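Opening the notebook on this one. I'll jot down what I look up as I go.

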Amino acid sequence: MSANTAVAEKYRNNFLKEIEEQVEMGDWVKMCMQCGVCSGSCPTNFQSAWEHPPQELFMMIRAGKREEVLTTTSMWNCTSCYNCIVRCPRKLPITHIMHGIAEYAHRIGKAPKMQPTRFFSGLFWKNCTHTGRVNELKLSMGLYFKDGLGAGIKEGMKMKDVALGLMKAKRLNPFEILGGHKCKDQKGIQAMLAKAYEIERARKAAKMEG
Amino acid sequence: MAKKEYAFYPGCSSQKGASASNYLTSVESMCKTLDVKLTEIPDWNCCGASIGYAEAGELPRHVMNARNFALSEQHLPGQEIVATCAACWLGARETRERLSHSDRLMADTREALKEAGLTINEMPEVRHMVEVLIEDLGFDEMKKHVVRPLEGVKIAGYVGCQTNRPFGVAGESFENPMYLDKMVEMVGAESIPEYDMKVTCCGGALAFSEPQKAQAQIKDIVESAYDHGAEMIVTPCPLCQANVEIYQGQINKTYGTKFNIPVMYYSQLMVVAYGGSAKDAALNGQVIKARRLEEIAAKPVKG
């Protein structure tokens with residue numbers, strides 16, 4: 001059984017409960033009073049329009065629109081600017097709820113595969129936890145080459161002037177490809193993270209059974 | 001003995017050859033003048049940043065920050081943690097708040113930390129460098145060291161997001177914080193308190209993943225600085241600095257603009273005003289050269 005089928009069967013017609021139990025900060029969703037200040041404060045919603053801005057997502061969750069919420073590209077447009085958080089009259093941690101829904105959709109395999117920020121987000125986390133510190137060169141290269149070698153070279157060429165400017169200013173080091181900055185106790189970091197995932201998985205699973 | 005001492009969390013972008021290495025150089029010079037001693041937390045790790053959310057989950061993200069707390073406690077007991085990067089500060093500070101408010105999260109974090117042979121007994125204070133400057137030293141103390149005021153230079157104070165929200169600097173409003181304008185005045189330059197894009201988001205990580213969306217925002221930020229007659233922009237955040245500076249060429253191609261405005265760190269302005277050289281202020285780290293500051297930095301120090 002896929003991760004998605006398991007949760008879908010468990011929660012059946014109660015998508016709000018699913019969000020409350022499985023999504024970080026999900027228990028705040030019911031507190032939204034639909035004023036729309038979050039949507040009107042969101043910079044990327046303003047520039048290019050989310051398919052479903054935050055307050056709409058909250059209502060869709062309550063209306064049980066599971067498929068639409070989990071597969072939308074919307075929350076992946078979050079820039080983590082925290083404008084919605086500081087303006088929400090009910091103090092909902094909206095930025096964290098958006099990240100939480102996105103993480104959940106990604107975890108159970110419902111998130112749109114080709115959404116570029118979903119890809120970058122996963123890439124960033126892998127990059128920074130691999131050695132304990134971000135390798136900026138590998139991070140950029142990983143993003144450009146996500147659609148293969150040809151597309152990667154094209155993307156790289158588009159960014160050529162930006163990269164050259166940074167290299168001249170000694171703010172991008174081509175030798176990072178050989179390794180770059182790292183933590184000494186990488187073993188400890190990996191063990192600590194493995195334990196953290198184990199505990200978190202167990203906590204989520206316990207909620208499924210309870 | 002130094003006037004103030006802190007456990008220092010420089011963050012990934014500050015490292016040698018990384019995108020904000022000029023920030024670190026200027027902070028080191030600035031702290032030397034102000035007699036602030038920063039001791040790097042040994043073997044510190046990445047905060048995970050906000051953009052790691054797809055795979056970070058809740059506990060792993062907090063555990064990353066908690067490891068830095070534990071190392072700080074072990075090697076630099078009693079010292080407050082200071083970060084120069086907005087994202088490092090926000091990530092660490094958020095972890096501090098969450099762990100302080102949840103016994104379960106704290107217990108889980110301790111269990112995970114054990115795997116790395118570490119533990120936390122006390123929750124550290126997590127400060128941003130601008131908080132240290134404003135709250136621990138104060139504007140009078142900062143101003144005392146100005147020997148080469150940046151007279152006649154008009155600078156737009158771009159605060160951005162993560163140094164301002166959700167935590168921000170105490171006593172400042174989220175919508176119109178004034179501290180950066182006061183810092184501009186403090187170094188003898190001319191501030192633009194009415195700069196209307198001062199807390200607009202630069203697009204953050206979307207500058208990498210969806211550049212057209214981020215660049216639309218960056219265009220507004222730069223355009224407004226020009227509209228207010230600014231010669232340069234100043235910011236306290238490494239990602240704001242990079243995003244607003246390095247994509248101006250691409251924005252010019254897309255929108256037919258002629259942007260070419262330098263984007264500085266507050267610490268660079270301070271180092272030049274404190275009599276430091278262009279090298280001390282890491283002016284060679286600018287992609288868009290700050291000619292006006294280079295000229296001032298080449299002048300002899302007053303009196």
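Before anything on distances, a note to self: domain bounds here come from an automatic or database domain assignment. Also, I keep in mind that the model is predicted.

**Domains.** I looked up how chain A is split and got domain 1 at 3–112 and domain 2 at 116–196. I then checked how far apart they sit: over C-alpha atoms, the centres of domain 1 of chain A and domain 2 of chain A are 28 Å apart.

**Contact between the chains.** Next I asked how many residues each chain puts into the contact. Chain A gives 54 residues and chain B gives 56 residues. On the chain B side, I listed the elements with two or more residues touching chain A: α1 (21–34), α2 (53–56), α3 (59–75), α5 (103–114), α9 (206–209), α10 (211–227) and α12 (248–255). I sorted the residues of that side by type, too, and found 25 nonpolar, 21 polar and ten charged.

**A sheet in chain B.** I traced an open sheet of four strands in chain B, with parallel pairing and the order β6-β5-β7-β8. Which strands stand at the edges? I noted β6 (190–191) and β8 (263–265) of chain B, each with a single partner strand, so one side of each has no neighbour in the sheet.

I zoomed in on the β8(B) end. Strand β7 of chain B (residues 232–235) pairs with β8(B) in the parallel sense, over three bridges. Within β8(B), Tyr265(B) is the residue I found opposite Thr235(B). Last entry: helix α13 of chain B (residues 266–273) lies across β7 and β8 of chain B, and I have it running at about 75 degrees to β8(B).

Terms used. Residues are numbered from 1 along each chain as its sequence is written. Chains are lettered from A and ligands numbered from 1 in the order in which they are written. This is a predicted model: local features need pLDDT of at least 70, side-chain atom pairs count only at pLDDT 80 or more; totals for chains, interfaces and linings use all residues. Two residues are in contact if their C-beta atoms, placed from the backbone, lie within 7 Å. Ala, Val, Leu, Ile, Met, Phe, Trp, Tyr, Cys and Pro count as nonpolar, Asp, Glu, Lys and Arg as charged, and the others, Gly among them, as polar. Two strands pair if DSSP finds at least two bridges between them. Axes are lines fitted to C-alpha atoms, for helices over the stretch in contact, and angles run from 0 to 180 degrees between N-to-C directions.
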